[in-house]
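Reader: I am new to this structure and would be grateful for a close look at one part of it. Please describe how the ligand is held, and then turn to one residue elsewhere in the chain.

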Amino acid sequence: MNIESLVRPNIRSMAPYSSARSEFSGKASVFLDANESPYDTGFNRYPDPLQKKLKVEIANIKHLHPEQIFLGNGSDEAIDLLFRIFCVPGHDNVIAPDPTYGMYQVCAEINDIEYRKIQLEEDFALNASKILESTDSDTKIIFLCSPNNPTGNSFDTDEMKRILNVFQGIVVIDEAYIDFSSQESWINMLSIYPNLVVLQTFSKAWGQASIRLGMAFASPEVIHYFNNVKYPYNVNVLTQNHALEVLQNKENVKGQILTILDERLRLSKNLASLSYVMTVYPSDSNFLLLRVKDADSVYRYLKEQGIIVRNRNTVSLCNGCLRITVGTTAENEMLLWALNNFRKD
Ligand code: PMP
């Protein structure tokens with residue numbers, strides 16, 4: 001597969017911005033090249049535009065090379081950049097199952113790209129044939145979010161493989177919730193599929209949503225275009241340094257994931273026993289999707305109790321559904337207590 005031919009012609013031929021910090025990489029003690037303040041505030045210097053230290057650490061953990069990694073201001077930045085790299089505004093299209101994570105459509109609309117929604121099956125399964133039948137020569141990207149948001153399930157590996165084997169464009173597998181899943185990550189398949197882009201994030205299992213750090217893993221060729229199109233200093237130094245610290249505490253995070261998985265099971269059982277809960281869908285993520293008899297009322301009632309969940313009642317296939325994040329044991333207890341008392345008075 002020729003990745004180069006998928007890239008927008010203007011992006012292929014552009015000269016990227018060359019920042020002062022990326023032009024010089026040797027040893028020096030006097031930096032008069034970037035019009036920074038010379039006074040040491042701890043923050044007077046621009047950060048490393050390519051986040052090299054952090055990428056080495058992440059590469060070690062993921063068993064990849066740093067050249068296969070892009071880091072951005074959340075994985076949302078990577079999603080937007082994918083449109084800007086591959087999709088010609090007003091001409092190309094992308095495809096995603098429906099329902100799924102909302103930012104693919106928002107970024108498509110911002111970039112003036114046709115967004116084709118292909119409905120999942122009733123049980124939220126992915127149907128590769130339906131997706132592939134909807135492609136044409138202007139389809140540049142297929143987004144597959146697995147485990148999927150808001151449905152919580154992982155897609156079938158063989159269905160996803162079929163898309164990767166047949167589709168001649170970029171396949172993005174968004175693994176924001178992979179750490180809660182029983183499935184293997186697709187990053188192990190990067191060497192087989194040059195058109196595969198895997199997204200992960202520090203916002204979920206790593207517990208770092210506020211530092212805004214997302215990861216895209218792909219072939220060095222694709223990462224090269226990410227680097228050409230991104231803002232020069234897209235990940236600030238506070239985030240880079242903090243992430244380096246967080247990576248030292250991997251064991252902590254592993255423990256938290258195990259607790260969340262235990263709590264997910266407990267919540268799921270308890271929610272299923274409530275008379276007005278019709279279905280608690282199986283989840284491979286850190287949230288549960290449940291269908292209830294009157295979603296708007298349950299949502300409003302919980303809000304009055306100071307508990308905010310996500311009302312997905314108007315989302316396709318999710319009529320009557322609420323999406324509930326697994327909290328701490330104490331938070332889940334409060335949720336269950338409140339739900340047990342719904343309409344008891
Ligand atoms: N992908 C999915 C599937 C998500 O649910 C989210 C956040 N809710 C994101 C990406 C964005 O994550 P980030 O915080 O890394 O921008």
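Author: In this predicted model, a nitrogen atom of the ligand lies 3.0 Å from a polar side-chain atom of Lys 204. The ligand also has oxygen atoms with polar partners. A polar side-chain atom of Ser 203 is 2.6 Å from an oxygen atom of the ligand. With Ser 75, the partner is instead a backbone N or O atom, which lies 2.7 Å from an oxygen atom of the ligand. On its own, the ligand has 400 Å² of accessible area, and the protein covers 91% of this area.

The surroundings of the ligand may be described next. The ligand sits in the largest pocket. It is surrounded by 13 residues. Ser 75 and Ser 203 are among the closest of these, together with Asp 174, Tyr 177 and Thr 201.

The residue chosen for the second part is Ser 297. Ser 297 belongs to helix α11, which comprises residues 295-304. The relative accessibility of Ser 297 is 12%, and because buried means under 20%, this residue counts as buried. Two polar contacts involve its side chain. One, at 2.5 Å, is made with the side chain of Asp 294. The other, at 3.3 Å, joins Ser 297 to the side chain of Arg 343. When neighbours within four places in sequence are left aside, Ser 297 is in contact with Arg 343 and with Phe 342.

Technical notes. Residues numbered from 1 in each chain as written. Predicted model: local features only at pLDDT ≥ 70, side-chain atom pairs only at ≥ 80, totals over all residues. Heavy atoms only, no water. Helix = DSSP H or I, 4+ residues; strand = E, 2+ residues; numbered from the N terminus. Buried < 20%, exposed > 50% of the residue type's maximum accessible area, 1.4 Å probe, protein only. Polar contact = N/O pair within 3.5 Å; in protein donor to acceptor, adjacent residues only side chain to side chain. Contact = heavy atoms within 4.5 Å. Near = heavy atom within 4 Å. Areas by Shrake-Rupley, 256 points an atom, 1.4 Å probe, with all protein chains shown as cover. 1 Å grid on protein atoms, 1.4 Å probe; cavity = no way out; pocket = protein on both sides within 12 Å on 5 of 7 lines; lining within 4 Å. Sits in = over half its atoms within 2 Å of the grid points.
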